[in-house]
Amino acid sequence: MVLLDVSTLTSLGRYLRRARGDRARIGGLPGASDNVTLSMLHHIAIVSPRNRKRYRVLFDSADVPKVFLGSVNAIARAYADWQLVLHDAPRAG
């Protein structure tokens with residue numbers, strides 16, 4: 001089980017950059033694009049913060065192998081440690 005628990009501000013910033021198509025992203029599908037929507041902004045800014053404590057309790061109580069990634073740096077370290085490779089997504093236009 002992997003728990004990604006980055007700050008709301010980080011999540012909003014990453015979402016907005018992704019929607020602008022600034023760069024390929026880890027886990028992104030080649031050629032996929034994202035649009036800014038009010039429902040996604042609401043989910044990131046309102047819904048996710050309310051769920052963070054609940055997710056952490058579930059994570060802590062789970063009796064399975066776990067990895068907690070609480071920052072962008074922790075995610076980057078895990079990505080490097082796991083020797084994952086980012087494939088550049090083709091750019092539109």
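The legends below describe close-up views of a predicted model of one chain.

**View 1. The whole chain, with three helices and two strands.**
Followed along the sequence, these elements come in the order β-α-α-β-α. The chain has 93 residues, and buried residues account for 14% of them. Contacts between residues at least 6 apart in sequence join residues at least 24 apart in 70% of cases. The accessible surface of the chain is about 7100 Å². Carbon and sulfur atoms contribute 58% of that surface.

**View 2. Helix 1 and the glycine that follows.**
Helix 1 covers residues 8-20. The end C-alpha atoms of helix 1 are 18 Å apart, which agrees with the 18 Å that its 13 residues should span at 1.5 Å a residue. Gly-21 comes just after helix 1 and has a positive phi of about 75 degrees.

**View 3. Helix 2, residues 38-61, with a bend at Ser-48.**
Helix 2 contains 24 residues. From the first C-alpha to the last, helix 2 reaches 33 Å, close to the expected 34 Å. The bend at Ser-48 is about 45 degrees. Pro-49 is a proline that follows the bend within four residues.

**View 4. The buried residues of helix 2 and their cover.**
Ile-44, Asn-51 and Phe-59 are buried in helix 2. Strand 1 (2-4) and helix 1 (8-20) are among the elements that cover the buried residues of this helix. The cover also includes strand 2, residues 67-69.

**View 5. The aromatic pair of Phe-59 and Phe-68.**
The count of aromatic pairs comes to one. The ring centres of Phe-59 and Phe-68 are 6.1 Å apart. The planes of the two rings lie at 55 degrees, so the pair is tilted, a class that runs from 30 to 60 degrees. Phe-59 has a relative accessible area of 7% and is buried. Phe-68, at 34%, is partly exposed.

**View 6. Charged residues over the two rings.**
Each ring in this view has a charged side chain over its face. Arg-56 lies over the face of Phe-68, at 4.1 Å from the ring centre. Lys-66 lies over the face of Phe-59, and here the distance to the ring centre is 5.4 Å.

**View 7. Gln-83, in the segment after helix 3.**
Helix 3 spans residues 72-81. Phi of Gln-83 is near 55 degrees, a positive value in a residue other than glycine. Most residues other than glycine have a negative phi. Gln-83 is exposed, because its relative accessible area of 68% is over the 50% cut-off.

How values were computed
Residues numbered from 1 in each chain as written. Predicted model: local features only at pLDDT ≥ 70, side-chain atom pairs only at ≥ 80, totals over all residues. Heavy atoms only, no water. Expected span 1.5 Å × (residues − 1). Bend = angle between axes of the 7 residues up to and from the residue. Buried < 20%, exposed > 50% of the residue type's maximum accessible area, 1.4 Å probe, protein only. Contact = heavy atoms within 4.5 Å. Phe/Tyr/Trp six-rings, centres within 6.5 Å; stacked < 30°, edge-to-face > 60°. Lys NZ or Arg CZ within 6 Å of the ring centre and 35° of its normal. Areas by Shrake-Rupley, 256 points an atom, 1.4 Å probe, with all protein chains shown as cover.
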